[in-house]
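The exercises below ask the reader to work from the coordinates towards a description of a ligand site and of some individual residues. Each task is followed by a solution in steps.

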Amino acid sequence: MSTHSAGESTAAPLPPSPVGTPLLGHMRVLRSDPLTFLQAQVRQYGDVVRIHVGPASLVVVAHPDGVRHVLQDQAKRYGKRTRGLAALRELLGHGLLTSEGSFWLRQRRLAQPAFHRQRLAGFARTMVDAASDLASELEARADAGTAFDVAEDCMRLTLRIASSTLFGKDVSGAWHDIADAMGRVQVFTYKRLTQALPIPRRLPLPTHRRFERDTHMLDRVVRGIIETRRRDTGAHHDLLQMMLEQQDADTGERMSDTQLRDEVLTMLLAGHETTANALSWTLMLLSQHPSVRRDLEAELAQVLGGRKPTDEDLPRLALTRRVVDEVLRLYPPAWSLSRVAIEDDVIGGFRIPKGTYLLLSPWVTHRHPRVWDNPEGFDPDRFLPEHEQERPRFAWFPFGGGPRQCIGNQFALMELVLVLATLLQRVRLNLTPGQIIRPAPAITLRPRSGVWVTAARAP
Ligand code: HEM
């Protein structure tokens, strides 16, 4: 697919568009089954397709070159001020994920050192210790022979890891309330961004009240994190401390309490929910593909020989990493990204007038039949270095790309590999039979009814 400069914009046609229901357009199907719907539109209409949500239209860009154009090469022409952003701000305020311009850049520069390579290496121990504790619990469940939803364990584990490493406080005791609230606010937020016309939040509807209660609960967790640190006079070098100590170069002012709340909540939610989902999908896929699991166990035995993994083992856990990459391809936890065109542009020969909303979907691009062989199949070896070179750069973009690329991508990849290497040396998880596991697309992609398994001690 070719992308072009703005000079050609007036001559180019608008992207093709399927006919939707009068007034609502494609709103209903975007809510009920967006994954299948979007894939079908791209198959039928091509790599740039316009769909309708009430009076608004949304252009889906599916080809990796178009994705690169929007996220990286022409990132200056695209902003984040979409309806999705407005809906997310109701929860996250103006944290790193939901801010823009010079304000965003300042916050990004402030947070970046907390994710530097050396800092991440220091987190490895916490990640492995947390995974070892979970492995012990799973061994006990193996002995008891009970079935359980491992997606819940994944949430609790990643919450413990994110809160301990970034804020020095383990809040996983509240995991159940946090996971419940997160599940509901996501569905609420996703519904709001797919409403034909947004319903004012001040209307006293039960769903609005529930959203407020959930937000208050999350606020309490965040306040707890901040207050604990303010009472603690010891030396800390984590993300929270950087935020607390940040001072404006000109005025000397510190971050306001509201800003601090927004940043901590953003990191807490963005830092655990996505990784938990990736881990759940991995455990599901490994149970469905025993030969890959056996190869993975063989790699772990060879590299680690029964000991706990460290940060230094990462380069040698190559298959483990390929498995993670393949899971993120098939089940990208952030399955859709939205942008708005700030200027006229042309993508793939189609006109993108200023103000157009765009939807980039890792789910759609990662399963694009003209980009991937056997796109629906699970095959970690497509991530062998020799195959990677065969694909365009943005064929795989679970962490986005360009200036707004996920700040936690290396954190997440390291966590996923270390957690898998720890767990799989000690337990095998097998899906309970007769289960149909479907993705539930809201802001992230969760397994709709969890991932029910039984455990066995590793052979
Ligand atoms: C498998 C795990 C993860 C996935 C799939 C994921 C995915 C993404 C994606 C796609 C974006 C870009 C959104 C956009 O361009 O609109 C993003 C941004 C972000 N992610 Fe992640 N993420 C993951 C883990 C993490 C972790 C572990 C953290 C923090 C510890 C984190 C924090 C953030 C933040 C703060 C942003 C906003 C960055 C900015 O705009 O400057 N994420 N993530």
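**Exercise 1. Describe the composition and origin of the shell around the ligand in this predicted model.**

Solution. Begin with the chemical classes: the residues of the shell divide into 16 nonpolar, 5 polar and 4 charged. The shell is made up of 25 residues, and the closest to the ligand are Trp104, Arg108, Arg339, Arg404 and Cys406.

Next, look for polar contacts, for which a pair of N or O atoms must lie within 3.5 Å. The side chain of Trp104 places an N or O atom 2.7 Å from an oxygen atom of the ligand, and a polar side-chain atom of Arg339 is likewise found 2.7 Å from a ligand oxygen. For Arg404, the distance between an N or O atom of the side chain and an oxygen atom of the ligand is 2.8 Å.

Then assign the shell to secondary structure: two or more residues are given by each of helix H5 (101-111), helix H11 (257-288), strand S6 (337-341) and helix H16 (409-424). H11 supplies the largest share, with 5 residues.

Finally, turn to the domains: at least three residues of the shell come from domain 1 (1-92 + 335-397), and at least three from domain 2 (93-334 + 398-458).

**Exercise 2. Identify the protein donor to the iron atom of the ligand, and explain why Cys154 forms no disulfide with the closest cysteine.**

Solution. The iron atom has a single donor from the protein, the SG atom of Cys406, at 2.3 Å. Cys406 belongs to the loop between helix H15 (385-388) and H16, and its relative accessibility of 31% places this residue in the partly exposed class.

For the second part, recall that a disulfide requires two cysteine sulfur atoms within 2.5 Å. The closest cysteine sulfur to that of Cys154 is in Cys406, 18 Å away, and therefore too far for a bond. Cys154 itself counts as buried, with 1% relative accessibility. The structure as a whole holds 0 disulfides.

**Exercise 3. For Thr356 and Thr189, determine which backbone oxygen each side chain contacts, and whether each residue is buried or exposed.**

Solution. Thr356 is located in the loop between strand S8 (350-352) and strand S9 (357-360). A polar atom of the Thr356 side chain lies 2.5 Å from the backbone oxygen of Pro353. With 12% relative accessibility, Thr356 falls under the 20% limit and so counts as buried.

Thr189, by contrast in setting, is part of helix H8 (residues 175-193). The side chain of Thr189 reaches the backbone oxygen of Val185 at 2.6 Å, and with a relative accessible area of 3% Thr189 is buried.

**Exercise 4. Characterise the backbone and surroundings of Asn374, and then the spatial relation of Leu424 to Leu300.**

Solution. Asn374 is not a glycine, yet it has a positive phi of about 40°. This residue sits in the loop between helix H14 (362-366) and H15. The relative accessible area of Asn374 is 55%, so the residue is exposed.

Leu424 is found in helix H16 and counts as buried at 6% relative accessibility. To relate Leu424 to Leu300, compare the two kinds of separation: they are 124 residues apart in sequence, while their C-alpha atoms are 8.2 Å apart in space.

Conventions:
Residues numbered from 1 in each chain as written. Predicted model: local features only at pLDDT ≥ 70, side-chain atom pairs only at ≥ 80, totals over all residues. Heavy atoms only, no water. Near = heavy atom within 4 Å. Polar contact = N/O pair within 3.5 Å; in protein donor to acceptor, adjacent residues only side chain to side chain. Helix = DSSP H or I, 4+ residues; strand = E, 2+ residues; numbered from the N terminus. Nonpolar A, V, L, I, M, F, W, Y, C, P; charged D, E, K, R; others polar. Domains from an automatic or database assignment. Buried < 20%, exposed > 50% of the residue type's maximum accessible area, 1.4 Å probe, protein only. Donors = N, O, S within 2.8 Å, 3.2 Å for Na, K, Ca; no water.
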